[in-house]
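These are my notebook entries on a structure that I went through by hand, one topic at a time. I kept to what I could look up in the coordinates.

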Amino acid sequence: MRNASLIFLGLAIAVAIAEAIVVWQVQVDPWHLAAFLICLALLLTVFVGFSHTLFVKWLRQMAVRSIVLAAGLPFLLLVPYLIYSLGTGVFNVLALGKLAIYLATPTLFLLPDRHRRADHVGWRDFAAMLALAVPISADWLGGIWTWPEDLYFFRPVFAVCAGAYAFLVVRNLDGVGYRLTFRKGDLIDGAANFAAFALIGIPLGLALGFIHFRPESVSFWSLGFQLLAVYLTIAVPEEFLFRGVLQNFLVRSLHGKRHSLYGLVIASVIFGAAHLHHAPAPNWRYAILAALAGMFYGNAFRTRRRLSAAALTHALVDTVWHFWF
């Protein structure tokens, strides 16, 4: 809890400094900006907090103690939206209802198993995964954070918080490896798996006509910003679901000497299939390359047991694709 408090304090200070700078340089309503930044700070505090074991254990103790608490705690994540929407004047009952349903659905699926050991996957686990993934891919959470424009960033951060509560707290799933910071081994394995995928994925993508090389001059700052943005909003959310939860569960449920490899392969195929809906649907070329990439993301997770390694590989792949293909 001390770490979570320090995180929140640091973010609160950053929010105050950011607001002062923006208000000083740009003509913007300070109350709107304050509501926006407070919402951002609160969500990021929870987003980071779930990477700390003590924070998860504290929530877990309350969830085990009372089914009412277990079902009700995730609705605290509505507080940042209420601050944001009321402070910026964009409050919408439908938007609040969407967020409430998104929080409740995976939690309710997993509540019956909150006292059981998460040693194998069940239908309720798959249902909870779908409840987290489908609304994001179908853009059902769009049009909620709409000041100063429709902001995408809040959606994946909110989704990770909802998923972390459902699977780390309620389901008590071990081995998810939800970490955001890097160790030396994460950097090495993340970069190595990226390089290995590039040797296969780039020629295959060119042969399939899915990618086309377009050399572009990129500044260090734009490259770094894109890498960070992809890491937080795409790589971490997707790796949490497909590697930390799905692959982790599959490995626990399968038997035999190669159960770890089989779990990796199955999770990668499902990851690839999840990209079929991209235009022109069904996008088989995208699905094939995504499944192949998933093998290397999954391998980074399997060797390090930390999402930061897999998310780094994922972020590197997407960043290189964005700038040069």
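Entry 1, an aromatic pair. I began with Phe47 and Tyr178, and I noted that both are buried; I keep in mind throughout that the model is a predicted one. The structure holds 26 aromatic pairs. Phe47 and Tyr178 form one that is edge-to-face, with 6.2 Å centre to centre and 85 degrees between the planes. I then looked up where the two rings sit, and found Phe47 in helix H2 and Tyr178 in the loop between H8 and helix H9 (184-208), so that the pair links distant parts of the chain, 131 residues apart.

Entry 2, a second pair. For Tyr81 and Phe91 I found ring centres 6.4 Å apart and planes at 35 degrees, so this pair is tilted. Tyr81 lies in helix H5 (residues 78-88), whereas Phe91 lies in the loop between H5 and helix H6 (93-110), and the pair therefore ties together parts that are ten residues apart in sequence. Tyr81 is buried at 1% relative accessibility, while Phe91 is partly exposed, with a relative accessible area of 36%. I also noted that Tyr81 and Phe91 belong to a cluster linked by ring pairs, whose members include Phe36, Tyr84, Tyr102, Trp145 and Phe158.

Entry 3, the core. Which residues have the most contacts inside the largest nonpolar core? I wrote down Phe47, Phe50, Tyr84, Trp145, Phe167 and Tyr178, in a core of 89 residues. Helix H8 (residues 154-170) gives the most to this core, with 14 residues. In soluble globular proteins, nonpolar side chains tend to be buried together. Going back to Tyr178, and not counting residues up to four places away in sequence, I listed its contacts as Phe47, Phe50, Ser51, Val160, Val236, Phe240 and Leu307.

Entry 4, cysteines. How many disulfides does a search of the whole structure find? The search finds zero. I checked Cys39, which is buried with a relative accessible area of 0%, and found that its sulfur is 10 Å from the closest cysteine sulfur, in Cys161, which is too far for a bond. Seen from the other side, the cysteine sulfur closest to that of Cys161 is in Cys39, and Cys161 also counts as buried, at 0% relative accessibility.

Entry 5, a histidine. Is His314 buried or exposed? His314 is buried, because its relative accessible area of 2% falls under the 20% cut-off. His314 lies in helix H13 (residues 307-324), and a polar contact of 3.5 Å joins its side chain to that of Glu238. Leaving aside neighbours within four places in sequence, I found His314 in contact with Ile234, Ala235, Glu238, Glu239, Phe271 and Tyr297.

Entry 6, a loop residue. I located Asp29 in the loop between helix H1 (2-25) and helix H2 (30-49), and at 35% relative accessibility Asp29 counts as partly exposed. Asp29 and Thr88 are 59 residues apart in sequence, yet their C-alpha atoms are 8.9 Å apart in space.

Entry 7, a helix length. For helix H12 (residues 284-304) I compared the expected and the modelled span: at 1.5 Å a residue its 21 residues should span 30 Å, and the end C-alpha atoms are 30 Å apart, which agrees. H12 is followed by Arg305, whose phi is positive, near 60 degrees.

Conventions:
Residues numbered from 1 in each chain as written. Predicted model: local features only at pLDDT ≥ 70, side-chain atom pairs only at ≥ 80, totals over all residues. Heavy atoms only, no water. Helix = DSSP H or I, 4+ residues; strand = E, 2+ residues; numbered from the N terminus. Expected span 1.5 Å × (residues − 1). Core = buried A, V, L, I, M, F, W, Y, C linked by side-chain atoms within 4.5 Å. Buried < 20%, exposed > 50% of the residue type's maximum accessible area, 1.4 Å probe, protein only. Contact = heavy atoms within 4.5 Å. Polar contact = N/O pair within 3.5 Å; in protein donor to acceptor, adjacent residues only side chain to side chain. Disulfide = S-S within 2.5 Å. Phe/Tyr/Trp six-rings, centres within 6.5 Å; stacked < 30°, edge-to-face > 60°.
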